[in-house]
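Reader: I am new to this structure and would like to understand one part of it well. Please take me closely through the strand with its turn that you would choose as a starting point, and then show me what else is worth following from there.

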Amino acid sequence: MFCTLNTHKVDMDKLLGAQIGLEDFIFAHVKGQRKEVEVLKNENVLGLTITDNGTGCAFIKRIKEGSLMDQIKTVCVGDHIESINGINVSDCRHYKVAKMLKDLEKGQIFKLELIEPMKAFEMLEPRSQGGSLPEAKISRGRETLRLRTKGPATVEEMPSEAEEKAIKKVDELLETYMGIRDIELAATMVEAGKDKKNPDEFAMALDESLGDFAFPDEFVFDVWGAIGDAKQGRLE
């Protein structure tokens, strides 16, 4: 379903993204128990943030506190969304799943079929003081392993501080505009904008490499602004 860095727990802050340090440990989370839930959509926003593993298998990354879905305790962070109203979405990318959830009519009951991560590591005890796992951090060392959805993994120089800030900001914009989180997608977008001189060139580059996402113009403009702000040191 997904992998975490340096922890066996379902910790969405430690998800394996586009880059890892060469000393990091990877924990794979596989499918566990299936569950079904029926929800009355009595609000426009469900309060879910969706991400995926890069090839489909969309899962819940965040549930907004106090939201409609936060009230349904059987729905948990890390749950894979297998189907929506009987339509199998197990191979769909996160942005398609997020759009389907957003387009559900208010006032209607819908059904989700979910698969939670297998809880195979719950009996593990904390490591002794004799050794500890290194902290998951994108800036460890001088090199990182870059994982790509298409193409082989490569060892590359670490992103600069400005690039890291831009990637983080773009990931936040993805959640705001599209209801998804995807650090690899954010890194790809920042990379696409590094050598572009204006937003039009940037938009054309995104259409060529990421046209399937059909990003709204507003979003593209804000991403371009975030990349520029990072270059100028205006991002915290």
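**A strand, its partners and a ring cluster**

Author: A good place to begin is S83, which stands opposite E113 in β9. Before going on, please keep in mind that this is a predicted model, in which local features need pLDDT of at least 70 and side-chain atom pairs count only at pLDDT 80 or more, while totals for chains, interfaces and linings use all residues. Residues are numbered from 1 along each chain as its sequence is written, and side-chain values use heavy atoms, without hydrogens and water.

The strand in question is β7, residues 80–84 (strands are DSSP runs of E with at least two residues, helices runs of H or I with at least four, both numbered from the N terminus). Five of the five residues of β7 are buried, and the strand is therefore mostly covered (buried means under 20% relative accessible area, exposed over 50%, partly exposed in between, with a 1.4 Å probe and protein chains only).

On one side of the account stands β9, residues 109–117, which runs antiparallel to β7 and is joined to it by four bridges (two strands pair if DSSP finds at least two bridges between them). The other partner is β8, residues 87–88, which is also antiparallel to β7 and is joined to it by two bridges. Within this second pairing, I84 has I87 of β8 as its bridge partner.

Between β7 and β8 there are two residues, and in this hairpin N85 takes a positive phi near 50°. That value deserves a pause, since N85 is a residue other than glycine. Most residues other than glycine have a negative phi. N85 lies in the loop between β7 and β8 and counts as partly exposed, because its relative accessibility is 40%, whereas the five residues of β7 are buried.

Another antiparallel pair can be read in the same way. β5 and β6 run antiparallel and are joined by four bridges, and I50 stands opposite I60 in β6. Of the five residues of β6, four are buried, so this strand is largely enclosed by the rest of the structure.

A second residue with a positive phi leads from the strands to the aromatic rings. A214 has a phi near 50°, and A214, too, is a residue other than glycine. A214 is found in the loop between α4 and α5, and A214 counts as exposed because its relative accessible area is 60%.

The ring pairs can now be followed. A pair of aromatic rings is described by the distance of the centres and the angle of the planes. Rings of Phe, Tyr and Trp (the six-membered ring of Trp) pair if their centres lie within 6.5 Å, with planes under 30 degrees apart counted as stacked, over 60 as edge-to-face and the rest as tilted. By this rule there are five aromatic pairs. One of them joins Y95 and F213, a tilted pair with 4.3 Å from centre to centre and 40° between the planes. This pair links distant parts of the chain, since Y95 belongs to helix α1 and F213 to the loop between α4 (199–210) and α5 (217–231), with 118 residues from one to the other. Both partners are covered: Y95 is buried because its relative accessible area is 13%, and F213 is buried because its value is 10%.

F215 and F219 form another pair, with ring centres 5.1 Å apart and planes at 40°, so this pair is tilted as well. F215 is buried, with a relative accessible area of 13%, and F219 is buried with a value of 0%. Taken together, ring pairs link Y95, Y177, F213, F215 and F219 into a cluster.

To return to the place where we began, which strands pair with β7, and in what direction do they run? They are β9, with four bridges, and β8, with two bridges, and each of them runs antiparallel to β7. When you look at the model again, you may start at S83 and E113, go on to the pair of I84 and I87, and then find N85 with its positive phi in the hairpin.
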